[in-house]
Amino acid sequence: MQDPVVGHEAADATDSSVGGVPTSGQAAPGGTAQPDGATDGGETAAPDGAQTIAGEARAAESAASASAAPQANGDGAGDPELERVRAELAERTADLQRVSAEFTNFRRRTERERESTVAGAKAAVAGELLTVLDDVERAQNHGDLTGPFKVVADRLTETLQRAGLEPFGAEGDAFDPSVHEAVAHETSSEVSGPTVTTVMRRGYRFGDRVLRAAMVGVTDSDGSAPTVPTEPADAGTTS
């Protein structure tokens with residue numbers, strides 16, 4: 001025969017639940033899911049996306065710790081891969097510096113050669129016109145350089161001088177065998193050394209190049225140049 005008291009309590013416990021789900025005042029049995037998605041321990045289950053992000057974060061943290069470890073032990077010393085990369089970087093840097101220096105030297109050499117070629121071409125053209133300038137100068141000395149011919153001659157001379165042609169050789173210049181061609185020689189007491197006294201043909205230079213030496217007559221001292229007399233020093237007056 002069942003105890004009336006125990007049966008009454010069991011009945012009350014059964015009646016207080018609806019469909020086997022405890023009411024708000026009762027605790028859920030172990031392992032029973034709550035309506036708000038919590039387990040019987042009161043913890044909320046994390047969604048699958050959050051678990052994936054958390055896993056990626058942990059993996060990134062592990063990778064960062066692994067990469068920071070060699071730096072903390074001496075800036076990656078002893079890492080063969082890092083040493084190889086550093087050696088390759090140093091080699092490529094040296095190659096780049098060498099190629100850059102070679103290109104700079106090549107550019108400078110090319111520029112010098114270009115300037116020399118241009119100057120040589122100008123000098124060659126000017127050299128071919130020296131005989132024309134001689135004719136112009138002779139016509140001017142004879143008074144025949146007049147009218148339109150004078151205008152053309154002046155323009156030709158100015159153009160060549162602007163390009164770099166420079167005449168030299170004038171009476172009174174000191175004789176220089178590197179730019180003067182002596183075709184006559186005489187002595188005089190009026191000069192103290194070899195001096196150009198006659199210019200038979202003007203010389204020309206183009207920049208640093210002597211296109212043609214000047215044909216001149218030279219007068220040298222005969223050794224009897226007058227000396228300047230010196231006055232005796234004043235010895236003072238006697239009483």
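Me: Contact means heavy atoms within 4.5 Å. This model is predicted. Which residues in H4 meet residues in H5?
Reply: Take the H5 side of the contact first. It consists of Phe149, Ala153, Leu156, Thr157 and Leu160. Their partners in H4 are Val132, Leu133, Val136 and Ala139.

Me: How many residues in the contact of H4 with H5 are nonpolar?
Reply: Sort the contact by class. No residue is charged, and one is polar. The nonpolar residues number eight.

Me: Is H4 parallel or oblique to H5?
Reply: H4 covers residues 130-141, and H5 covers residues 147-163. Their axes come within 11 Å and cross at roughly 135 degrees. Angles over 145 degrees would count as roughly antiparallel, and 65 to 115 as roughly perpendicular. The crossing angle therefore makes H4, relative to H5, oblique.

Me: What handedness does the crossing of H4 and H5 have?
Reply: The angle alone leaves this open. H4 passes H5 in a crossing that is left-handed.

Me: Which elements each supply at least two residues of the largest nonpolar core?
Reply: This core has eight residues, including Ala123, Leu133, Leu160 and Tyr204. Two helices and a strand qualify. They are H3 (80-128), H4 and E4 (203-206).

Me: How many residues does another core, apart from the largest one, have?
Reply: Phe168, Val179, Val196 and Val216 are among its residues. In soluble globular proteins, nonpolar side chains tend to be buried together. The number of residues in this other core is six.

Me: What pattern does the protein follow along the sequence?
Reply: The protein has five helices and six strands. Read along the sequence, they give α-α-α-α-α-β-β-β-β-β-β.

Me: What share of the protein's residues counts as buried?
Reply: Buried means under 20% relative accessible area. The protein has 239 residues. The share that counts as buried is 13%.

Technical notes: Residues numbered from 1 in each chain as written. Predicted model: local features only at pLDDT ≥ 70, side-chain atom pairs only at ≥ 80, totals over all residues. Heavy atoms only, no water. Axes fitted to C-alpha atoms, helices over the stretch in contact; angles between N-to-C directions. Helix = DSSP H or I, 4+ residues; strand = E, 2+ residues; numbered from the N terminus. Parallel < 35°, antiparallel > 145°, perpendicular 65-115°, else oblique. Left-handed = near helix turned anticlockwise from the far one by under 90°. Nonpolar A, V, L, I, M, F, W, Y, C, P; charged D, E, K, R; others polar. Core = buried A, V, L, I, M, F, W, Y, C linked by side-chain atoms within 4.5 Å. Buried < 20%, exposed > 50% of the residue type's maximum accessible area, 1.4 Å probe, protein only.
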